[in-house]
Amino acid sequence: MDTQNNLFSRRNFIKGTSSLIALSSFGAYALDFDYREKPLKVGLIGTGWYGKSDLFRLMQVAPIEVVSLCDPDRNMLSEAGKLVALRQKSKKTPRLYTDYKKMLAERNLDIVLIGSPDHWHALQGIEALKAGAHVYLQKPISVDVMEGEALVAAANKYGKVIQVGTQRKSTPHLVEAKKNIVDAGLLGKISHVEICCYYHMRANDNPPLQEVPDFFDYEMWTGPAPLRPFDGMPHRRWWRTFMEYGNGIMGDMCVHMLDTVRWMLDLGWPQKISSTGGIYVQKDGKSNIADTQTAIFEFEELDCVWNHRSWGTPADPDYPWSFKLYGEKGTLSGDVKKYDFVPTGKGEKIHGDVLYEREKYPEDLTEKDIELHAAPATRAHMIDFLNAIHTGSIPVANIQEAHISTASCILANMAMKLGRPLVYDQKQRIVVNDPEATQLLQRTYREGWQHPLPEMFK
């Protein structure tokens with residue numbers, strides 16, 4: 001166990017957090033945190049919207065010192081430095097870097113948070129592990145399957161904790177639904193699942209080409225991905241509309257709901273994955289991600305069916321981004337703000353709502369662009385992360401489980417592209433009886449960047 005674990009005390013590990021009280025009532029841990037020696041040293045790579053949000057949630061539940069921030073956008077980096085200085089007890093501005101390798105070379109970080117765009121997650125996660133840090137990594141963990149395999153291998157080699165930002169597993173009302181409905185057997189046998197996203201979230205503009213501003217290192221931002229002609233700052237929504245940097249709505253939103261369903265039902269790898277879709281409606285912009293897609297993840301005597309449309313109306317207006325578990329005794333619908341159980345017979349309906357912590361954390365109310373419904377879940381997710389570091393236990397969103405959910409979504413996109421079902425064999429790291437698909441498990445990196453492979457971490 002790391003020497004930093006001496007900083008933790010099981011007697012006193014975050015006092016009075018209402019989300020933990022809720023979680024403990026469902027059988028999860030409830031620890032408190034005590035400032036015994038020096039605060040944990042933390043760095044953040046990617047100081048955009050969700051990177052800062054994750055960092056601020058960690059700052060709320062643990063005595064940390066944010067010592068470094070990294071982003072290729074110097075304006076955003078400087079703003080983040082000022083915000084962190086206002087929030088942390090020392091009032092110190094962290095060291096600011098535009099190159100994550102230089103930040104990690106300092107080797108002075110206990111924890112690294114990674115909130116960069118998806119095409120960076122695997123590389124930066126591996127480098128953070130090499131630098132001796134525990135890692136909080138935003139989902140998805142990779143943009144191709146071999147990146148994910150390499151990250152799993154690196155985590156095993158370096159022995160550090162990785163918690164992945166699939167925080168539905170720490171969402172209080174969904175923890176409640178799992179325990180009191182799924183685990184209690186109220187659904188009976190579950191043999192069909194539907195997951196979906198009908199948000200109109202696909203950017204589809206036609207901005208003109210322009211000069212890269214002096215404050216933005218576009219080469220570094222692009223890294224191993226293809227270098228697109230610069231047509232404006234890529235932050236927040238624009239980069240997500242291109243397959244060069246991620247896996248579309250499938251890799252952004254399905255990974256959350258598929259991961260939640262797998263957790264609730266204790267499912268491993270899908271036995272087979274198929275998918276259809278494409279750009280059917282929103283054809284007038286630069287976006288190259290699918291605006292319409294259906295995928296089927298086949299498990300033993302259970303099909304999990306994903307649908308997304310970035311146009312039109314949702315199938316169920318009450319649950320536009322959600323999961324539905326269909327059992328012989330009833331149906332459970334759930335999303336980030338609520339759940340509903342409807343029995344098939346005369347039993348009682350059960351409803352649950354999101355936990356907010358406005359009174360406990362009033363600073364949430366003034367934080368720009370915060371997802372108030374997700375804040376308690378992320379705080380609980382951070383506490384689970386810290387507990388895993390302290391005890392040497394496996395975090396709820398561990399890297400192997402995150403890899404299964406991420407890779408399954410990537411394979412769905414591959415199945416859509418190839419027009420046929422795929423079966424992935426993790427032991428051999430191949431798509432069974434499909435050499436063409438197997439070649440697609442590893443994308444080509446831009447010149448000057450080396451693709452990580454699991455063999456590098458034996």
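**Exercise 1. What volume does the second largest pocket have, and which residues and elements line it?**

*Solution.* Keep in mind from the start that this is a predicted model.

Step 1. Begin with the space itself: the volume of the second largest pocket is about 540 Å³.

Step 2. Now look towards the centre. The lining has 23 residues, and those closest to the pocket's centre are Met243, Gly246, Asn247, Asn413 and Lys417.

Step 3. Next, assign the lining to elements. Strand 8 (272-278) and helix 11 (399-418) are the elements that give two or more residues to it. Helix 11 gives the most, with five residues.

Step 4. Finally, sort the lining by residue type: 10 residues are nonpolar, nine are polar and four are charged.

Step 5. To link the pocket to the fold, follow helix 11 a little further. Helix 11 lies across strand 8 and strand 9 (292-299), and its direction makes about 60° with strand 8.

**Exercise 2. Work out the order of the six-stranded sheet and find its edges.**

*Solution.* Step 1. Trace the strands across this open sheet: the order is 3-2-1-4-5-6, and the pairing is parallel.

Step 2. Read off the two ends. Strand 3 (95-97) and strand 6 (162-164) are the edge strands; each has a single partner, so one side of each has no neighbour in the sheet.

Step 3. Add the twist, which averages 20° from one strand to the next.

Step 4. Check one edge in detail. Strand 2 (residues 64-70) and strand 3 run parallel and are joined by three bridges. Cysteine 70 has tyrosine 97 of strand 3 as its bridge partner.

Step 5. Place a helix on the sheet. Helix 2 (residues 49-61) lies across strand 1 (40-45), strand 2, strand 4 (111-114) and strand 5 (134-137), and runs at about 170° to strand 2.

**Exercise 3. Do the same for the eight-stranded sheet: give its order, its edges and a helix that packs on it.**

*Solution.* Step 1. This open sheet has the order 8-9-10-7-11-12-13-14, with mixed pairing.

Step 2. At the edges stand strand 8 and strand 14 (350-353); each pairs with a single strand, so one side of each is left without a neighbour in the sheet.

Step 3. From one strand to the next, the twist averages 10°.

Step 4. Look inside the sheet. Strand 7 (residues 190-197) and strand 11 (residues 321-327) run antiparallel, joined by seven bridges. Valine 193 has leucine 325 in strand 11 as its bridge partner.

Step 5. Helix 7 (residues 172-182) packs on this sheet and touches strand 7, strand 11, strand 12 (330-334), strand 13 (338-343) and strand 14. The direction of helix 7 makes about 20° with that of strand 13.

**Exercise 4. Which peptide bond is cis, and where is aspartate 266 found?**

*Solution.* Step 1. Start from the usual backbone: most peptide bonds are trans, and most residues other than glycine have a negative phi.

Step 2. The bond from lysine 139 to proline 140 is cis, with omega near -15°. Proline 140 sits in the loop between strand 5 and helix 6 (145-158).

Step 3. Aspartate 266 is not a glycine, yet has a positive phi of about 55°. Aspartate 266 belongs to the loop between helix 9 (248-265) and strand 8.

**Exercise 5. Over which residues is the pLDDT below 50?**

*Solution.* Step 1. Take the chain as a whole: its mean pLDDT is 92, and 92% of its residues reach 70 or more.

Step 2. Residues 1-36 have a pLDDT below 50, and beyond near neighbours in sequence this stretch has 95 contacts in the model.

Step 3. Predicted coordinates should not be read in detail where pLDDT is low.

Conventions: Residues are numbered from 1 along each chain as its sequence is written. This is a predicted model: local features need pLDDT of at least 70, side-chain atom pairs count only at pLDDT 80 or more; totals for chains, interfaces and linings use all residues. Side-chain values use heavy atoms; hydrogens and water are left out. On a 1 Å grid over the protein atoms alone, a cavity is a set of points where a 1.4 Å probe fits but cannot get out, and a pocket is an open set with protein on both sides within 12 Å along at least five of seven lines; lining residues have an atom within 4 Å of a point. Grid points are joined across faces, edges and corners, and a volume is the space filled by probe spheres set on the points. Helices (H or I, at least four residues) and strands (E, at least two) are DSSP runs, numbered from the N terminus. Ala, Val, Leu, Ile, Met, Phe, Trp, Tyr, Cys and Pro count as nonpolar, Asp, Glu, Lys and Arg as charged, and the others, Gly among them, as polar. Two strands pair if DSSP finds at least two bridges between them. Axes are lines fitted to C-alpha atoms, for helices over the stretch in contact, and angles run from 0 to 180 degrees between N-to-C directions. Contact means heavy atoms within 4.5 Å. pLDDT is the predictor's confidence in each residue, from 0 to 100.
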